[in-house]
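Trainee: Could we go through this one together, question by question? I would like to follow the reasoning behind each answer.

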Amino acid sequence: MNAIEIEGLTKKYRSGFFLRSVTAVENLSLSIKEGEITGFLGPNGAGKTTTIKSILGIITPTAGTIKIFGEDPKNVSIKNRIGFLPEEPYFYDYLKGYEFLKFYGNLFGIEGKTLKKRIDVLLDEVKLTFAASRPLKKYSKGMLQRIGIAQALINDPDLIILDEPMSGIDPIGRKDIREIILNLKDKGKTIFFSSHILSDVEMICDCVAIINKGHLIEVKKIDEIRREGEGNYEITVKAPNTQIHQLLTNIEGFLKERGGFLVFESNKGEKQKLLKKIMDVGGEIISVSPAHKSLEEIFFEKIENK
């Protein structure tokens with residue numbers, strides 16, 4: 001069974017003085033497997049948060065169906081299996097870390113020794129035991145994100161949905177959150193999260209889904225992404241002067257400029273022909289190496305082509 005099953009999701013809003021119809025998400029279909037980490041990528045306004053709110057049952061789709069572990073997301077019982085951290089959560093400044101988790105535990109009907117044990121375990125997992133008695137207003141951004149994740153885990157959910165969990169956090173804080181997410185996967189949990197930080201997504205995800213202008217444009221395993229470009233070669237070239245630079249950029253195979261050098265790409269069969277063309281116009285070969293597309297390169301290709 002898939003953890004999330006979306007078929008033909010469409011969400012339209014009325015916006016502005018004339019209540020013009022705006023389509024936030026259109027005909028989106030997506031399956032999320034149990035036990036996997038899936039990254040949900042897209043530029044601002046692409047429809048990520050609308051999709052997440054629809055999955056959670058916070059908003060009602062205009063059309064389409066959503067199932068979570070085979071059930072309607074508005075079914076109250078299924079919410080016990082879901083943990084959620086929004087993009088901009090509100091934290092009660094004067095609550096201490098322990099009190100904050102106790103409050104959310106009580107909302108799920110968890111009490112007494114069971115709740116205390118659960119809070120202690122979570123504080124240890126998110127590395128905040130030392131700050132359990134500290135008011136949240138004294139937490140750093142990274143600490144607030146970690147206590148927010150602990151809140152999302154208080155009910156021991158099977159599905160964890162995180163909206164931009166690494167936004168605005170320094171590299172050390174992002175590393176901590178990556179470790180938390182990977183540990184959740186090791187426990188058999190399903191994690192679905194949106195992010196703008198593509199390097200983090202590439203490091204920890206099993207699969208990525210890319211959305212743009214309300215349309216799902218790509219769903220791909222990270223292993224497949226890493227295989228893209230295999231068999232091709234990246235050729236780095238220096239142009240001695242402006243005239244040669246112009247000639248080089250007109251050669252088929254020119255890809256981009258990077259760090260003052262020109263980068264070309266070629267498959268194995270055309271590599272020698274391309275190298276000859278480059279040298280014939282006066283280009284200086286700096287390096288020739290196997291090409292591998294990063295998630296960032298693929299992301300921009302998909303977005304620019306839509």
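Mentor: Gladly, and let us start with a term: a charge sits over a ring if NZ of Lys or CZ of Arg is within 6 Å of the ring centre and within 35 degrees of the ring normal. Keep in mind that this is a predicted model.

Trainee: Then which residue lies over the face of Phe-69?

Mentor: The cut-off for the distance to the ring centre is 6 Å. At 3.9 Å from the centre of the Phe-69 ring, the residue over its face is Arg-81.

Trainee: And how far is the charged end of Lys-271 from the centre of the Tyr-233 ring?

Mentor: Here the charge is carried by a lysine, for which NZ is the atom that counts. The charged end of Lys-271 sits over the ring of Tyr-233, and its distance from the ring centre is 4.3 Å.

Trainee: Turning to ring pairs, what kind of aromatic pair do Phe-40 and Phe-192 form?

Mentor: The structure holds seven aromatic pairs. In the one between Phe-40 and Phe-192, the centres are 5.2 Å apart and the planes make an angle of 35 degrees. Planes under 30 degrees apart would count as stacked and over 60 as edge-to-face, so this pair is tilted.

Trainee: How many residues apart are Phe-40 and Phe-192?

Mentor: Phe-40 belongs to strand S3 (residues 37-41), while Phe-192 belongs to strand S7 (residues 190-194). The pair therefore links distant parts of the chain, and the separation is 152 residues.

Trainee: Is Phe-40 buried or exposed?

Mentor: Buried means under 20% relative accessible area. Phe-40 has a value of 0%, and its partner Phe-192 also comes to 0%. Because 0% falls under that cut-off, Phe-40 is buried.

Trainee: What about Tyr-92 and Phe-103: which kind of pair are they?

Mentor: Their ring centres lie 5.9 Å apart, and the planes are at 70 degrees. Since an angle over 60 degrees counts that way, the pair is edge-to-face.

Trainee: Where is Tyr-92?

Mentor: Phe-103, eleven residues away, is in helix H2. Tyr-92 itself is in the loop between strand S5 (82-85) and helix H2 (97-107).

Trainee: Is Tyr-92 buried or partly exposed?

Mentor: The partly exposed class runs between 20% and 50%. Phe-103 falls there at 35%. With 38% relative accessibility, Tyr-92 is also partly exposed.

Trainee: Finally, what share of the 306 residues is buried?

Mentor: The chain has ten helices and 13 strands. Counting residues under 20% relative accessible area, the buried share of the 306 residues is 45%.

Key
Residues are numbered from 1 along each chain as its sequence is written. This is a predicted model: local features need pLDDT of at least 70, side-chain atom pairs count only at pLDDT 80 or more; totals for chains, interfaces and linings use all residues. Side-chain values use heavy atoms; hydrogens and water are left out. Helices (H or I, at least four residues) and strands (E, at least two) are DSSP runs, numbered from the N terminus. Buried means under 20% relative accessible area, exposed over 50%, partly exposed in between (1.4 Å probe, protein chains only). Rings of Phe, Tyr and Trp (its six-membered ring) pair if their centres lie within 6.5 Å; planes under 30 degrees apart count as stacked, over 60 as edge-to-face and the rest as tilted.
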